[in-house]
Amino acid sequence: MMPSSTSYFPRSYAESRDRFLADAARLGAAVASYPISDVGSEGEALATDVALLGAPDAQRLLIMTSATHGVEGFCGAGCQFSLMDDAAMIKRATQAGVALLLVHAVNPYGFSWMARTDEGNVDLNRNAQPFDGTPLPVNPGYAALHPLLLPAEWPPSESNQRDIARYVAEHGQPAFAQAVSRGQYTHADGLFYGGARPAASLLNLRRILETHASRYAHIGWIDVHTGLGPRGHGEKIYAGRRNDAEVARARQWWGADIAVPYQGSSASVDITGHLAGLIYQACPDSSPTLMALEYGTVPFDDIVLALRGRNWLRANPDAPPALRRDILQATQDAFYCHAYDWHGMVLGQSRVAVLQALCGLEAAR
């Protein structure tokens, strides 16, 4: 009997990690673990784990990463478990001369603690900056919104909600989305904070790429995300640098509908410091083709409300237990739909994206 789609989606980081390591052992994969010092919500050790499948002489590599944004790992791990259970697809990769590098829980802290950010409130997908004295990106619209986004009380008061509605009415929804989500480097307790230095989990990922990926001539990368866009739709978002040839190659692999944020064709705002950019330093001799697969969950305003609540909880760790549970559940619900139809849409589109990447890598010269 084929397993149901629900069986691929974990209920916690601890459960997910155990399954990943067990599945990797079952497949005979080469496994490595990259710990961080913090502990998880169940007192468990936290680490990013990798499993490498494929022939030692393979010159092509497909990477799939999960939980770049912590709580989004419920979906990303499900995609990885489905692939690890897909004997036909693994055989197809072997025949194409493609090795598979599965990176489980890029941000294990956020996965375990039901947060989008890491232990320092850092958004890893805004954190890949030089931090060498070069001025960091400026987000002039965020400062005015910050006290509204992180109010003194939770749930937010009616006056707070009116103030945010007034901002949106005066500036427009696109400007609000830009100011909130493009990333900011001025308010360490705020939303979409990019950090003041490379985060521990980002450094781990850089080491993973240098150690396990740098020898390959051609690399494809699918980074699984959730949140933005219509419910269940997997928007294919180009995640590489501003390079016309790389955009064209991504479209050749994944279709003309691949969205390009810097061209204004994505549900995602145009950001800098995105995590996939690590590949250009870690794998300088490789030809990369990078894509974030973003599955829609709930409307953008609901996502922002959930993130605001989670940041408020971080600032108020002594919140009443019932309120704490409500905030954590709202955070999970914003980035993971516990529903059969959503699971099916996620896994179907993930499998197509993997197959397209294998075809693209097989044809690479």
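Ala115, Arg116, Thr117, Asn121, Asp123, Gly190, Leu191, Phe192, Leu307, Arg310, Asn311 and Arg314 line the largest cavity. I should say at once that this is a predicted model, in which local features need pLDDT of at least 70, side-chain atom pairs count only at pLDDT 80 or more, and totals for chains, interfaces and linings use all residues. Residues are numbered from 1 along each chain as its sequence is written, and side-chain values use heavy atoms, with hydrogens and water left out.

On a 1 Å grid over the protein atoms alone, a cavity is a set of points where a 1.4 Å probe fits but cannot get out; a pocket is an open set with protein on both sides within 12 Å along at least five of seven lines; and lining residues have an atom within 4 Å of a point.

The structure holds one cavity of 30 Å³ or more. Its volume is about 110 Å³, taken as the space filled by probe spheres set on points joined across faces, edges and corners.

Let me turn to the pockets. The largest encloses about 880 Å³. It is lined by 47 residues, with Asn125, Arg126, Ile271, Thr272 and His274 the closest to its centre. Strand S5 (218-231) is among the elements giving two or more residues to this lining, and S5 supplies the largest share, six residues; strands here are DSSP runs (E, at least two residues) and helices likewise (H or I, at least four), numbered from the N terminus.

The second largest pocket has a volume of about 240 Å³. H11 gives the most to its lining, with five residues, and helix H6 (158-171) also supplies at least two.
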